[in-house]
Amino acid sequence: MTLEEQNLRRAFTRQKDRQHCAQLSLHAIELISLLQQHRGMVLAVLGGDVFFETRVDAIRPQIIDQLRVLKKFISELFPEAEWQRLCDEWYTLSHHWRQDSASESFDLHTHVIQQMLLLLRTYNNAGVFDQISEPDRRLAYLTLNQLPELMETAAEIRGIATFLLARQSMNEADANANAANPSPLALKLQYLHKYFDESLQRLEQQSPDLQEPASLEQERLARHWQELDVYWQQIQPSLKLFGLQPRPSPYPVRRRRSLSRARSSEVLTATAHTKGSEAQLPDAHVQLFFNEISELVFSIQRLIKLGLAAIPRMTEPSLAEWIDIAPPAQHRRPRSLLRH
């Protein structure tokens, strides 16, 4: 076998690794999203909104199913003991969350999610993207490292804000007292809000593909990114209940929301300035609030899936050249199998 053939074989192996990485990451992102939703719903219940009890019960089997699916993909990548430890942590958390405080529940959920993100980063940074073009490397890094972190920050904001709002709806006097003396979770929310806003701005400035897209995939990414920024701006009226202020958006705010969504924000804001016992927020508003912020989280998830769909098509120059110039042969693999 010649040196050129050896290099092509290695390039083809990396191509298969990227395809495997994209497939694995897709299942991992689905699991992370479910764990994030479970965290937010549990915090809502701990805050006093019993409506979320049924949603907690409904999402638990989905997480178990996704763990089983993901196990098939990562058994050759991670030690069995490490994977079993993560599953044990989830089992303990899912069956004993009622015994935890809101702060403990948040930390336990977040630890499991961070372990998932860490496992993925360890695999995704293993060198399979070193030989592809610079724009493709940027997209892979954005998809596998930066966007999952951004998604987790948005989901943490959702969980804490939903808990605080649910608690406020149950006891306004307690909420007013905590306004002057914020709890650790309230302080955490302030930090997360600032961190998310700065991260969004930093990614916009650091990624030239978002400013001047050079391909159809980059153009779609830029368009979805503007949608993400719009969602971030649209939830600010609700987050202002906690005294949080974002930077002005660089994009025009489009009216994309339904009347029920707009009305829910108006009711939330108006109720926050009402005095007396009538100012308690009905549970329905907590649910609308949760769903509203979830749209921000899901918009980031859509961006991740868009990037994951592009990864299997990222071909190293040497392999791409071979595909284009190699003469037809009976035993040659079809181009579609190499690129998809």
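The expected span of a helix is 1.5 Å times one less than its number of residues. This value is the reference for the helix lengths quoted in the legends below, which describe a predicted model.

**Figure 1. Helix α2 spans 32 Å between its first and last C-alpha atoms.** For the 23 residues of α2, the expected span at 1.5 Å a residue is 33 Å, and the helix comes close to that value. Its buried residues are F52, V56, I59, R60, I63, Q66, L67, L70, F73 and I74. An α-helix has 3.6 residues a turn, so residues three or four places apart point the same way. Charged R60 and polar Q66 are listed among the buried positions of α2.

**Figure 2. Helix α7 covers residues 184–206.** With 23 residues, α7 extends 32 Å from its first C-alpha to its last, close to the expected 33 Å. Buried positions on α7 comprise L185, A186, L189, L192, H193, F196, D197, S199, L200, L203 and E204.

**Figure 3. F196 belongs to the largest nonpolar core of the chain.** This core contains 86 residues, and those touching the most other members are M116, F129, L150, F196, L239, F242 and I300. Two or more residues each come from α1 (3–47), α2 (52–74), α3 (80–96), α4 (102–124), α5, α7, α9 (216–234) and α12 (283–310). The greatest contribution is that of α5, which supplies 16 residues. Leaving aside residues up to four places away in sequence, F196 is in contact with L150, T153, A154, I157, W232, L296 and I300.

**Figure 4. E156 in helix α5 is buried without a salt bridge.** The helix that holds E156 runs over residues 134–170. The nearest side chain of opposite charge is that of R39, 4.3 Å from E156. A salt bridge requires a side-chain nitrogen of Lys or Arg within 4 Å of a carboxyl oxygen of Asp or Glu. Beyond residues up to four places away in sequence, E156 touches R39, F106, T110, Q114, K188 and L192. Of these contacts, L192 is also one of the buried residues of α7.

**Figure 5. The whole chain, shown for context, has 14 helices and zero strands.** Of its 340 residues, 49% count as buried. Among contacts with a separation of 6 or more, 80% join residues 24 or more positions apart. The accessible surface of the chain is about 16700 Å², and carbon and sulfur atoms account for 53% of this area.

Conventions
Residues are numbered from 1 along each chain as its sequence is written. This is a predicted model: local features need pLDDT of at least 70, side-chain atom pairs count only at pLDDT 80 or more; totals for chains, interfaces and linings use all residues. Side-chain values use heavy atoms; hydrogens and water are left out. Helices (H or I, at least four residues) and strands (E, at least two) are DSSP runs, numbered from the N terminus. Buried means under 20% relative accessible area, exposed over 50%, partly exposed in between (1.4 Å probe, protein chains only). Lys and Arg count as positive and Asp and Glu as negative; His and the chain ends are not counted. Contact means heavy atoms within 4.5 Å. A nonpolar core is a set of buried Ala, Val, Leu, Ile, Met, Phe, Trp, Tyr and Cys residues joined through side-chain atoms within 4.5 Å. Accessible areas come from the Shrake-Rupley method with a 1.4 Å probe; for residues, only the protein chains shown count as cover.
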